[in-house]
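Trainee: I should like to understand the terms used for this model and how each one is justified. May we go through them one at a time?

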Amino acid sequence: MKIHEYQAKDILRQSGVPVPDGQVVTSPDEAAKASQIIGGNLWVVKAQVHAGGRGKGGGVKVVNDPQEVISTTELLLKTSLVTPQTGPEGVNVNKVLVEQGVNIKRELYLGMVIDRKTERPAMIFSQAGGMEIEEVAKETPELIWKEYVDPATGWLPYQARNLIYRLDPIPAPAVVKQLMSVMAKIYNVFVNRDCSLVEINPLVITAEDQVFAVDAKMSLDDNALFRQKDLLALDDPSEEDPLDLMAKEYNLNYIRLDGNIGAMVNGAGLAMATLDLIKASGAEPANFLDAGGGANEEMIAKGFEIILKDPRVKAILVNIFGGILRCDVLARGVVAAAKKNQIAVPLIVRLEGTNVEEGRKILEDSDLSFLLAKDLAEAADHVAGQVKGKD
Ligand code: GDP
Ligand code: MN
């Protein structure tokens, strides 16, 4: 689960990480009040959306006139924001963070993730922080430094020194001390709040030698949310893809991919094999949809509807091995969904297992048009045929 910058900053602030003063607002009037309460003469107005790269898309504005705090808020709230991480259609901005601006002297990068290879949390640090960090990681990876944490000892001060003393020039001792404190606190937040990602980019050193987390991105491990109930309340469904929300509501295991062949499968193993099959046929899957072993007719119908609602889908492959989920239940679900939604793309069905005859009969007796594959090889042929446009 992703959370907003302002929510992540609340958590960081509570944990003792220095964060600029700020207030989240939903109208220009509130923005006017916020700039007064925050005071000073430099403010940052920031769109609160889950997508990153806001600076590049005009979603972050540094202003020195309270009137501009108001006009920028107004503009952000009524336009849809396009960043390198959103689609070309952009995303709506419902909330804006108004913050005290700081005088940035240096922009660093600080992040923590789980490193799968070493199976440990990894602290990632760089002196090339800021909006170009993706390019830095690609072109000059030697400028990005890592320390892996042994969970038995936790984060140790020498590890912080290993990272900080690679900075060139090495900051003043008072700054080193602040950076060490921030790193230790980030590790604590990461572990105590079951994060899968904490990213501060930029972590800045100001002209006054103060260290601040100017940006914050935080993702929480969904499997740990049962023990982070207060964080569960930070979920913002308006940021999620409507198809993802629908899948969640019906307990379907759905992951959007980049291709155009919709796949409806039961069981994660079969789903993986089916994706391989689609790829081997020269096509690309549009999604991973595992209805699970215990799916009922309604879940199947919803799953099928999710695939149908995806405008990118040019053909659908239903590959079901009936076990606990019987083929007749699957067939009824597919027929029910087809009745509600027009199927304008070719449908390929491969059914095997419990009640397969009954399932096939239900499909044949319906007025659905579909290509029945008797086995996986034939299903692959049909998919390949669709790709070439001659099936
Ligand atoms: P992102 O583009 O979505 O990662 O948004 P950020 O919160 O990282 O903001 C983008 C850029 O705005 C940062 O890299 C900074 O250069 C700049 N910025 C953000 N806050 C301040 C601030 O308080 N003062 C100044 N001078 N620049 C800021
Ligand atoms: Mn950033």
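Mentor: Let us begin with residue classes: Ala, Val, Leu, Ile, Met, Phe, Trp, Tyr, Cys and Pro count as nonpolar, Asp, Glu, Lys and Arg as charged, and the others, Gly among them, as polar. The shell around ligand 1 accordingly holds eight nonpolar, four polar and four charged residues. This is a predicted model, in which local features need pLDDT of at least 70, side-chain atom pairs count only at pLDDT 80 or more, and totals for chains, interfaces and linings use all residues. Residues are numbered from 1 along each chain as its sequence is written, chains are lettered from A and ligands numbered from 1 in the order in which they are written, and side-chain values use heavy atoms, with hydrogens and water left out.

Trainee: What makes a residue one of those that surround ligand 1?

Mentor: A residue is near a molecule if one of its heavy atoms lies within 4 Å of it. For ligand 1, 16 residues surround it, and the closest are Lys-46, Arg-54, Gly-55, Val-102 and Glu-107.

Trainee: Why is the pair formed by Glu-107 and ligand 1 called a polar contact?

Mentor: A polar contact is a pair of N or O atoms within 3.5 Å. An N or O atom in the side chain of Glu-107 is 2.6 Å from an oxygen atom of ligand 1, so the pair qualifies. Backbone atoms take part as well: the distance to an oxygen atom of ligand 1 is 2.7 Å for a polar backbone atom of Gly-55 and 2.9 Å for a backbone N or O atom of Val-102.

Trainee: Which strands supply at least two residues each of the shell around ligand 1?

Mentor: Strands are DSSP runs of at least two residues, and helices (H or I) of at least four, numbered from the N terminus. Strand E3 (43-47), strand E4 (60-63), strand E8 (104-115) and strand E11 (195-206) each meet that count.

Trainee: Which domains does the shell draw on?

Mentor: Domain bounds come from an automatic or database domain assignment, which here gives domain 1 (1-19 + 103-239), domain 2 (21-101) and domain 3 (241-388). Domain 1 and domain 2 each provide at least three residues of the shell.

Trainee: What makes the bond between Asn-201 and Pro-202 notable?

Mentor: That peptide bond is cis, with omega near 10°, and Pro-202 lies in strand E11.

Definitions and conventions:
A polar contact is a pair of N or O atoms within 3.5 Å; within protein, one must be able to donate a hydrogen and the other to accept it, and residues adjacent in sequence count only if both atoms are side-chain atoms.
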